[in-house]
Each structure stands twice: as structure tokens, then as C-alpha cells.
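This report walks a new reader through one structure, moving from charged pairs to helices and then to the surface. It may help to keep the sequence and the 3D view side by side while reading.

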Amino acid sequence: LMSIYQADFTRAYADTLELIPNWEEQPREVRILLVALAFNVGKQGLRDFSRFRQAIIRRDYLKAAHELTDSKWAKQVGEKRLADSLSCLTRAAMRID
């Protein structure tokens with residue numbers, strides 16, 4: 001079971017590296033959020049979050065939070081998961097301003 005999880009995690013990590021060209025510039029908590037999102041929705045799912053990804057790449061975390069809120073994913077996950085994700089992005093935005 002652990003090897004399946006590790007393979008899925010490794011794939012999600014690689015997917016975020018490919019889809020977020022400035023990965024290393026992102027705050028640690030945003031990188032964790034991105035890998036978790038890729039782990040749950042897959043590479044194509046993360047690719048489909050195009051406005052969200054573009055906001056992340058621009059480091060416009062408030063716009064990214066808005067795009068995440070206005071998604072099918074937001075309607076499918078629980079309120080706590082969504083709130084945690086939005087909180088992460090808001091904290092990242094506050095550190096940049």
C-alpha cells in the first residue's frame with residue numbers, strides 16, 4: 001500500500017514541477033497545496049485549472065484563491081479542505097504584499 005501511495009505522490013510532485021514553471025519560487029505551503037491538488041485531481045485535472053495555475057505562476061495568490069473557490073473541485077471537497085486551501089493562499093499573499 002505504501003509503495004502505491006509513494007508512486008502516486010511522486011507522480012503528483014512531477015506533475016506540479018511540469019505545470020508550474022516557477023515551482024522553486026513558490027512558498028513551501030503553496031507547493032504542498034499544489035502537490036495535494038495534483039494528487040487528488042491528477043495531471044489533467046491540474047492542467048484544467050488553467051486560470052488558477054496562471055495566478056499561481058504570477059504569484060497572485062488572491063486571484064488563485066478566487067479561481068479555486070469558483071471551481072467544480074470546490075463544490076466537491078468539504079468545507080474544511082476548501083477553507084484550508086484558501087487560508088494557505090491568503091497567507092502566501094500576505095507575505096508578498
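## A salt bridge within helix 1

Asp8 and Arg11 are joined by a salt bridge, in which the closest N and O atoms lie 3.1 Å apart. Because the two residues are three positions apart in helix 1, Asp8 and Arg11 are separated by about one helical turn. Asp8 is partly exposed, with a relative accessible area of 31%, and Arg11 also counts as partly exposed, at 49% relative accessibility. The model in which this pair is seen is a predicted one, and the pair belongs to a structure that holds eight salt bridges.

## Salt bridges between helices

Other salt bridges connect parts of the chain that are distant in sequence. The side chains of Glu18 and Arg47 meet in a salt bridge of 3.9 Å, taken from N to O. This pair links distant parts of the chain, since Glu18 lies in helix 1 and Arg47 in helix 2, 29 residues apart. Arg47 is partly exposed, having a relative accessible area of 31%.

A second link of this kind is formed by Glu29 and Arg91, whose side chains meet in a salt bridge of 2.9 Å, N to O. Here Glu29 is in helix 2 and Arg91 is in helix 6 (residues 79-96), so that the pair, 62 residues apart, again links distant parts of the chain. Glu29 is buried, with a relative accessible area of 17%, whereas Arg91 counts as partly exposed at 38% relative accessibility. Salt bridges that share partners also join Glu18, Lys43 and Arg47 into one network.

## The two sides of helix 1

Helix 1 covers residues 2-19, which makes 18 residues, and from its first C-alpha to its last it reaches 26 Å, close to the 26 Å expected at 1.5 Å a residue. Which residues of helix 1 are buried? They are Ala12, Asp15, Thr16 and Leu19. Because these residues cover an arc of only 95 degrees around the axis, they are on the same side of helix 1.

The buried residues of helix 1 pack against helix 2 (28-48) and helix 3 (50-57). On the face of helix 1 that is turned away from its buried side, the exposed residues are Met2, Ser3 and Glu18. Glu18 is thus a residue of that face and also the partner of Arg47 in the salt bridge described above.

## Helix 3 and the residue after it

In helix 3, the buried residues are Phe52, Arg53, Ala55 and Ile56. They cover an arc of only 160 degrees around the axis, and therefore they are on the same side of helix 3. Just after helix 3, Arg59 takes a positive phi of about 65 degrees.

## A nonpolar patch on the surface

What makes up the nonpolar patch on the surface? It is formed by Met2, Tyr5, Phe9, Tyr13, Leu17 and Phe39, which together have about 560 Å² of accessible area. Helix 1 contributes the largest share of the nonpolar patch, namely five residues. One of the patch residues, Met2, is found in helix 1 and counts as exposed, at 61% relative accessibility. Helix 1 therefore brings together residues of the nonpolar patch and a buried side, whose residues lie within an arc of only 95 degrees.

Key: Residues are numbered from 1 along each chain as its sequence is written. This is a predicted model: local features need pLDDT of at least 70, side-chain atom pairs count only at pLDDT 80 or more; totals for chains, interfaces and linings use all residues. Side-chain values use heavy atoms; hydrogens and water are left out. Helices (H or I, at least four residues) and strands (E, at least two) are DSSP runs, numbered from the N terminus. The expected span of a helix is 1.5 Å times one less than its number of residues. Buried means under 20% relative accessible area, exposed over 50%, partly exposed in between (1.4 Å probe, protein chains only). The arc is that of the directions from the helix axis to the C-beta atoms. Contact means heavy atoms within 4.5 Å. A salt bridge is a side-chain nitrogen of Lys or Arg within 4 Å of a carboxyl oxygen of Asp or Glu. Patches are made of residues with over 30% relative accessible area and no salt bridge: like charges are joined within 9 Å, nonpolar side chains (Val, Leu, Ile, Met, Phe, Trp, Tyr) within 5 Å. Accessible areas come from the Shrake-Rupley method with a 1.4 Å probe; for residues, only the protein chains shown count as cover.
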